[in-house]
Amino acid sequence: MASLHRALVGFLLVVLAAVSGAASKSFTITNNCQYTVWPGILSSAGSAGMDATGFALASGESRAMAVPSGWSGRLWGRTLCSTDAGTSRFSCVTGDCRSGKQDCAGGGAAPPATLAEFTMDGSGGMDFYDVSLVDGYNLPVLVAPQGAAAGGNCAPTGCMAELNGACPADLRVASAPGGVGAGVACKSACEAFGSAEYCCSGDHGNPSTCKPSPYSQFFKNACPRAYSYAYDDATSTFTCAGGDTTYAITFCPSTTRSEVAFEMGNLELCGRVHGRHEILDDVP
């Protein structure tokens with residue numbers, strides 16, 4: 001009943017924004033995983049806040065949220081969350097925002113975490129968005145714009161592959177301390193090793209000196225549209241023209257060939273997009 005109430009409130013907020021005559025932006029966040037995901041939301045400094053910064057989504061559940069005009073920030077999924085019986089402190093094995101409760105309350109995602117990043121009504125009135133693996137990966141995410149006005153490179157993006165099982169051993173995060181148990185996340189090379197070469201810092205802090213590494217190529221090969229390192233802009237930033245746009249954000253999107261073709265905008269299965277190929281080798 002509580003989840004139905006939250007969904008109804010989110011829907012009414014979107015409707016009210018549309019009736020007011022202002023351009024209406026919204027998120028529809030869906031958990032298609034076989035387990036509960038706790039979305040976290042962090043607004044950028046100076047941006048209006050969302051009506052919630054963290055909540056639970058059971059498997060198969062969705063939630064609609066109105067997005068303030070000009071909003072910028074990021075959204076991610078937290079997994080394997082629980083509340084300590086002794087301290088009542090809430091925490092998650094992956095994507096934890098370290099607030100001690102379901103609401104992130106200004107806390108960002110502890111890496112590794114798959115991030116969906118947005119800037120609404122930015123330069124030229126465009127919405128900018130991407131899915132980033134620069135801080136590592138913890139679960140598949142798809143962002144698909146719906147109802148956007150014509151203009152920009154307005155297309156679905158994300159990382160639909162399940163990478164935790166295939167993660168290189170030196171980037172792997174296990175479910176239990178000491179590397180014991182199943183893989184539950186995959187670190188970036190920056191997080192794993194901390195070197196300027198992998199973090200694009202110091203002498204490597206510009207596009208000329210910070211280049212893709214074998215580790216970033218692991219992410220890029222699996223998820224060609226997602227950011228794999230800091231200067232991966234050319235193939236990873238997407239834009240939609242201003243207007244009434246809903247961004248459908250799905251955790252664990254479908255991965256059969258027919259579903260991929262549909263969710264990626266009815267593109268050719270070989271992934272011919274804007275003059276380049278994105279081979280969907282990970283799709284059975």
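**Exercise 1. Determine which residues of the largest nonpolar core touch the most other members, and which elements supply the core.**

Solution. The model is a predicted one.
Step 1. The largest nonpolar core holds 43 residues, and those touching the most other members are F27, I29, F118, V143 and L163.
Step 2. Two or more residues each come from β1 (25-31), β3 (62-67), β6 (115-119), β7 (127-132), β8 (141-146), α4 (214-222), β12 (238-240) and β13 (245-251). Of these elements, α4 gives the most, with four residues.
Step 3. Another core lies apart from this one; it has six residues, including C97, C104, A109 and A113.
Step 4. Leaving out residues up to four places away in sequence, I29 touches P39, F55, L57, E61, S62, R63, M65, L75, I249 and F251.

**Exercise 2. Classify the ring pairs that F27 forms with W71 and with F118, and state how far apart in sequence the partners are.**

Solution.
Step 1. There are eleven aromatic pairs in total. In the pair of F27 and W71, the centres are 5.7 Å apart and the planes stand at 80°, an edge-to-face arrangement.
Step 2. F27 belongs to strand β1 and W71 to the loop between β3 and β4 (72-83), so this pair links parts of the chain 44 residues apart.
Step 3. For F27 and F118 the centre distance is 4.7 Å and the angle between the planes is 45°, so the pair is tilted. The partners sit in strands β1 and β6, 91 residues apart in sequence.
Step 4. Buried means under 20% relative accessible area. F27 has 0% and therefore counts as buried; W71, also with 0%, is buried, and F118 is buried at 3%.
Step 5. Ring pairs join F27, W71, F118, Y129, F238 and Y247 into a cluster.

**Exercise 3. Give the strand order of the five-stranded open sheet and explain why β3 and β9 each leave one side without a neighbour.**

Solution.
Step 1. The order is β3-β1-β13-β8-β9, with mixed pairing.
Step 2. β3 and β9 (157-159) stand at the edges and have a single partner strand each, so one side of each lacks a neighbour in the sheet.
Step 3. From one strand to the next, the twist averages 15°.
Step 4. The pairing of β8 with β9 is antiparallel and runs over three bridges. L142 stands opposite G158 in β9.

**Exercise 4. Summarise the protein chain by secondary structure, burial and contacts.**

Solution.
Step 1. The chain has five helices and 15 strands.
Step 2. Of its 284 residues, 45% are buried.
Step 3. Among contacts with a separation of 6 or more, 61% join residues 24 or more positions apart.
Step 4. The exposed area is about 12,700 Å², of which carbon and sulfur atoms supply 56%.

Methods:
Residues are numbered from 1 along each chain as its sequence is written. This is a predicted model: local features need pLDDT of at least 70, side-chain atom pairs count only at pLDDT 80 or more; totals for chains, interfaces and linings use all residues. Side-chain values use heavy atoms; hydrogens and water are left out. A nonpolar core is a set of buried Ala, Val, Leu, Ile, Met, Phe, Trp, Tyr and Cys residues joined through side-chain atoms within 4.5 Å. Buried means under 20% relative accessible area, exposed over 50%, partly exposed in between (1.4 Å probe, protein chains only). Contact means heavy atoms within 4.5 Å. Two strands pair if DSSP finds at least two bridges between them. Axes are lines fitted to C-alpha atoms, for helices over the stretch in contact, and angles run from 0 to 180 degrees between N-to-C directions. Accessible areas come from the Shrake-Rupley method with a 1.4 Å probe; for residues, only the protein chains shown count as cover. Rings of Phe, Tyr and Trp (its six-membered ring) pair if their centres lie within 6.5 Å; planes under 30 degrees apart count as stacked, over 60 as edge-to-face and the rest as tilted.
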